[in-house]
Amino acid sequence: MAATLPAPAVSRGDAVALWAFMAAGVVIAAWAVWSAVARIIEVLPNRDVPVLAEFAGTTADAPIGVDGAPVAVELDRAIITAPSLPVASLWALVLQQVVVMVAVVGVVVCLVWLARNVSRSVVFSRTNTVLVTTAGITGLLGYFAVPFLGNMAANGAFAVLSDRTFDNVILSVEPFALVLAAFVVALLGTVFVVGERLQRDTEGLV
């Protein structure tokens, strides 16, 4: 009977790097949860709410000229403070932080689990394929949802501050970046699927 080839052992240096990666992942997840909870606590009173807003073709004066003289610049993004936000915009801001928290923790859990498997010399397997795919999809959904919800909150702040007279229409997500990220996720998923199939086909060989 043919024997199954044992998986190559992970070197001590690689194992240390993988465990360091896992520890860093735990720290990142904890920081994301703390930051999201702190932000939710900051905005829920709905008083003097600071909101990150992106601008399109908006100019402002900045004191960067001679002796602090104002010079016209084009705004890209800025923090604006609204006395209060409409209910929909406030909950969009809260939901944005929940999405950030869930997305970061979800991706970190998947990648830490993957690193743990690799540290045990399990690289291509059904579990690892699912972990890579889940992490990629979770990251993509977060990449799309977070700026979308932030834009909803910013629009509410603009409406309050300008009495709905300021028009600032922008795309929440750059299409090219989203397509590129989706391509990378699909490529990684395909690599693990093919690797899993090749490993399964070579099992039983000496």
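The following dialogue concerns the fold and salt bridges of a predicted model.

Biologist: What conventions apply here?

Modeller: Residues are numbered from 1 along each chain as its sequence is written, and side-chain values use heavy atoms, leaving out hydrogens and water. As the model is predicted, local features need pLDDT of at least 70 and side-chain atom pairs count only at pLDDT 80 or more, whereas totals for chains, interfaces and linings use all residues.

Biologist: How many helices and strands are in the chain?

Modeller: Helices (H or I, at least four residues) and strands (E, at least two) are DSSP runs, numbered from the N terminus. The chain has four helices and two strands, in the pattern α-β-β-α-α-α along the sequence.

Biologist: How is a salt bridge recognised, and how many are there?

Modeller: Side chains of opposite charge can pair when their charged atoms come close. The rule requires a side-chain nitrogen of Lys or Arg within 4 Å of a carboxyl oxygen of Asp or Glu; the count comes to three. In one of them, Arg77 meets Glu54 at 3.4 Å, N to O. This pair links distant parts of the chain, with Arg77 in strand E2 (residues 71–82) and Glu54 in strand E1 (residues 49–62), 23 residues apart. Arg77 also bridges to Asp76 at 3.7 Å. Shared partners thus join Glu54, Asp76 and Arg77 into one network.

Biologist: Is Asp76 buried or exposed?

Modeller: Buried means under 20% relative accessible area, exposed over 50%, and partly exposed in between (1.4 Å probe, protein chains only). Asp76 is exposed because its relative accessible area is 52%, whereas Arg77, at 46%, is partly exposed.
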